[in-house]
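This report goes through one protein chain, beginning with a ring pair and moving on to the overall fold and the surface.

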Amino acid sequence: MTLMDADDRYGAVSRAVHWIMAVLLLVMLASEVWFEALEHSLSEASLMAWHQSLGLTIFGLVIFRGLWRWLNRARLSPPAHWATMAKLGHLALYALMILMPLSGLATSLGEGDPVTFFGWTVFGYGPETEWLEESGEDVHELLANVLWVMIGLHVAAALAHQYLLGDRIMKRMA
C-alpha cells in the first residue's frame, strides 16, 4: 500500500482523508438532529463548541486534501468523457466545504459569540452584528442544503460508474 496516488488507485492518504471527511460531513450535516437529541443533556454552548470544532477540523482537512490533491494532480484522472463533469463536481464540493465553515464563522462572529476549537478559543466574544449573523446563518443553511444535494450526486455518480459503466471506479477509493 502506497501513500501517494497511483494510476489505478488512490493512495492511503487520499483514501483515509476522503472517508474521514465523508463521516465528519455527514455528522455535521446531521447536527441539527443531534443538537435536538442532546439539548437536554448538554448546553447549547457545549453543542455549538463541538459543532465549531468539527467544522474547523473539516476546514483543515479540506485545505490539507486540496494540497495533497495538488501533489498528486498528474497521477489519477477520470475517464476522458467524464473529466469535465468530474472536475466541476469536485470543484463544487471543495467550494462548499470551504464556504460552509466561513459562513458558520460569520454567523458566530455576528452573534458576538466565541469560536472555539476543542476548548481553545480561536475568536473571543465580540460585538453583536445583526446583519452578519443573519446573512451568515442564511448562507450557512443554504450551503448545507446544497451540500446534501452535491453529496447525493457524488454518491450517485460513483454508483453509476461502478454498476452502469462498469469501470470499477469505487475500487480506486476503497
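## An aromatic pair across the chain

In this predicted model, Trp50 is partly exposed, with a relative accessible area of 46%. Phe118 is also described as partly exposed, at 42%. Neither residue counts as buried, because that word is kept for values under 20%.

A search of the whole structure finds four aromatic pairs. One of them joins the rings of Trp50 and Phe118, whose centres are 5.6 Å apart and whose planes stand at 80°, so the pair is edge-to-face. The contact links distant parts of the chain: Trp50 lies in helix α3 (residues 44-71), and Phe118 lies in the loop between β1 (115-117) and β2 (120-123), 68 residues apart. Together with Phe117, these two residues form one aromatic cluster.

## The backbone at Phe118

What is notable about phi of Phe118? The angle is near 45°, a positive value in a residue other than glycine. Most residues other than glycine have a negative phi. Phe118 has its place in the loop between β1 and β2.

## A second aromatic pair

Trp34 and Phe35 also appear among the four aromatic pairs. Their ring centres are 5.2 Å apart and their planes are at 70°, so this pair too is edge-to-face. The cut-off for that label is an angle of over 60 degrees.

Is Phe35 buried or exposed? Phe35 is buried, with a relative accessible area of 18%, which falls under the limit of 20%.

## Overall fold

The protein chain has six helices and two strands. Followed along the sequence, these elements give the pattern α-α-α-α-β-β-α-α.

Taken along the principal axes, the C-alpha atoms fill a box of roughly 55 × 30 × 30 Å. The protein chain has 174 residues, and 33% of them count as buried.

## The negative surface patch

Acidic side chains form a negative patch on the surface. Its members are Glu32, Glu36, Glu39, Glu44, Asp113, Glu128, Glu130, Glu134, Glu137, Asp138 and Glu141. Two helices, α2 (31-38) and α5 (130-164), each supply at least two residues.

Which helix gives the most to this patch? That is α5, with five residues. Glu141, a member of the patch, is found in helix α5. Glu141 is partly exposed, with a relative accessible area of 47%, and a patch residue needs over 30%.

## The nonpolar surface patch

Trp82, Met85, Leu88, Leu91, Leu164 and Leu165 make a nonpolar surface patch of about 670 Å². Helix α4 (residues 83-111) gives the most to this patch, with three residues.

Where is Leu165 placed? Leu165 sits in the loop between α5 and α6 (169-173). The residue is partly exposed, with a relative accessible area of 43%. That value is over the 30% required of a patch residue.

Notes:
Residues are numbered from 1 along each chain as its sequence is written. Side-chain values use heavy atoms; hydrogens and water are left out. Patches are made of residues with over 30% relative accessible area and no salt bridge: like charges are joined within 9 Å, nonpolar side chains (Val, Leu, Ile, Met, Phe, Trp, Tyr) within 5 Å. Accessible areas come from the Shrake-Rupley method with a 1.4 Å probe; for residues, only the protein chains shown count as cover. A salt bridge is a side-chain nitrogen of Lys or Arg within 4 Å of a carboxyl oxygen of Asp or Glu. Lys and Arg count as positive and Asp and Glu as negative; His and the chain ends are not counted. The place of a charge is taken as NZ of Lys, CZ of Arg, CG of Asp or CD of Glu. Helices (H or I, at least four residues) and strands (E, at least two) are DSSP runs, numbered from the N terminus. Buried means under 20% relative accessible area, exposed over 50%, partly exposed in between (1.4 Å probe, protein chains only). Rings of Phe, Tyr and Trp (its six-membered ring) pair if their centres lie within 6.5 Å; planes under 30 degrees apart count as stacked, over 60 as edge-to-face and the rest as tilted.
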